[in-house]
Amino acid sequence: TNDDKFQDWYLKSTFGGWNQLTSRLTKATRTLLNDKIKKELIKTSFGKPSDEFIALVPDKALFNILEESRIYRNKWKGHGGLPSFKETKQRVTSLEGTLAKLRNIIKDGFSSSKLISAKAGTYSEGVHNYNATELTGTRTPFNEINVKSINPLDTNKLYLFHEGSDTPIELIPFLKYNQEDNACYFYTSIEGSGVRFISFHFDKNSEIEEEINDAFKEVLKILERE
């Protein structure tokens, strides 16, 4: 982006930076989906999802809702002092309205899609069979499911898996899952030579920092080009 305020935004993750990236990616995806040949490439790239999922990915309305949320966040973050009870109720009402609009757009878009973490597996007749953790909801322990894949899965990575598909898609390393603690972490910033992650539900160890590995460096190179 040519906007100076978004230069190197990924070094310290920001709401506005992610929104800008989302807007540009959805625009590019819409263009590709209008081409019959490239549309099939997009479907394959996303792991052969449902038509509902593909329709959801480039939806402009999603970006508009994210922008609405960003504006609320920035407005309230800059509001001095502790908000009154009345002000807090108004904020909750505004956010509930935004959430309702988001749910109306998503509908069944993710109903057959799962975020998974692979565990033990076997290989037979060209197919990998894994026990996997389904990272859905707020309650732990998470559900355990069986996943079939034509490609091997790394137990240290997360994948997007669509029901009926045999090609789970590896997520870029901005999300992490600690199988031992059932804890999910989100990337927040680069701290020197380390990567900082935070958890919003695991209070025993809400922050972790790891050395930047080769996989993360590759993702940073892509974002630098953006």
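Two strands count as paired if DSSP finds at least two bridges between them. Keep that in hand for the exercises below, and remember that this is a predicted model.

**Exercise 1. Work out how strand β2 sits among its partners, and whether β2 is mostly buried or exposed.**

Step 1. Start on the β1 side. Strand β1 covers residues 113-124, and seven bridges join β1 to β2. That clears the cut-off of at least two bridges, and the two strands run antiparallel. To find your place in the ladder, look for Ile116, which sits opposite Glu134 of β2.

Step 2. Check the turn. The hairpin of β1 and β2 has two residues between the strands, and Glu125 takes a positive phi there, near 50 degrees.

Step 3. Move to the other side. Seven bridges also link β2 to β3 (residues 143-149), again antiparallel. Here Thr133 has Glu144 of β3 as its bridge partner.

Step 4. Now the burial. Strand β2 spans residues 127-134, and six of its eight residues are buried, so the rest of the structure largely encloses it.

**Exercise 2. Put the strands of the five-stranded sheet in order, and say which ones stand at the edges.**

Step 1. Reading across, the order is β3-β2-β1-β4-β5, in an open sheet with antiparallel pairing.

Step 2. The ends of that order are β3 and β5 (169-170); each has a single partner strand, so one side of each lacks a neighbour in the sheet.

Step 3. Take a look at the β5 end. Strand β4 (residues 158-162) pairs with β5 over two bridges, in the antiparallel sense. Since the cut-off is at least two bridges, this pair makes the count. One bridge to look for puts Leu160 with Ile169 of β5.

**Exercise 3. Do the same for the four-stranded sheet: what is the strand order, and by how many degrees are neighbouring strands turned?**

Step 1. This open sheet runs β6-β7-β8-β9, with antiparallel pairing.

Step 2. Its edge strands are β6 (175-178) and β9 (207-211), each with a single partner, so each has one side without a neighbour in the sheet.

Step 3. For the turn, ignore direction: neighbouring strands of this sheet are rotated by 35 degrees against each other on average.

Step 4. Zoom in on the β7-β8 pair. Strand β7 (residues 183-191) and strand β8 (residues 194-198) share five bridges in the antiparallel sense, and Glu191 stands opposite Gly194 of β8. Just before β7, the loop between β6 and β7 holds Asn182, which has a positive phi of about 55 degrees although it isn't a glycine.

**Exercise 4. Find the largest nonpolar core and say which elements each supply at least two of its residues.**

Step 1. The largest core has 17 residues, and those with the most contacts inside it are Tyr187, Ile190, Val195, Phe197, Phe216 and Leu223.

Step 2. Strands β7 and β8 each supply at least two core residues, and so does helix α6 (214-225).

Step 3. Follow one member outward. Beyond its neighbours within four places in sequence, Leu223 is in contact with Trp9, Tyr10, Leu21 and Phe174.

Step 4. Apart from this core there's another, of nine residues, including Ile116, Ala118, Tyr130 and Val147.

**Exercise 5. Describe the second largest pocket: which strand gives the most to its lining?**

Step 1. The second largest pocket holds about 440 Å³ of space.

Step 2. Its lining has 24 residues, with Asn156, Pro173, Leu175, Lys176 and Glu210 nearest the centre.

Step 3. By element, β6, β8, β9 and α6 each supply at least two lining residues. Strand β6 gives the most, with four.

**Exercise 6. Compare Ser50 and Phe186: where is each found, and what does each touch?**

Step 1. Ser50 lies in the loop between α2 (36-45) and α3 (51-56). At 18% relative accessibility it falls under the 20% cut-off, so Ser50 counts as buried. Neighbours within four places aside, Ser50 contacts Gly109 and Ser112.

Step 2. Lys48 is in the loop between α2 and α3 too, but Lys48 is partly exposed, at 44%. Its phi is positive, near 60 degrees.

Step 3. Phe186 lies in strand β7 and is partly exposed, at 36% relative accessibility. Not counting residues up to four places away in sequence, Phe186 touches Phe174, Leu175, Arg196, Phe197, Ile198 and Phe200.

Definitions and conventions: Residues numbered from 1 in each chain as written. Predicted model: local features only at pLDDT ≥ 70, side-chain atom pairs only at ≥ 80, totals over all residues. Heavy atoms only, no water. Buried < 20%, exposed > 50% of the residue type's maximum accessible area, 1.4 Å probe, protein only. Axes fitted to C-alpha atoms, helices over the stretch in contact; angles between N-to-C directions. Core = buried A, V, L, I, M, F, W, Y, C linked by side-chain atoms within 4.5 Å. Contact = heavy atoms within 4.5 Å. 1 Å grid on protein atoms, 1.4 Å probe; cavity = no way out; pocket = protein on both sides within 12 Å on 5 of 7 lines; lining within 4 Å. Points joined across faces, edges and corners; volume = space filled by probe spheres on them.
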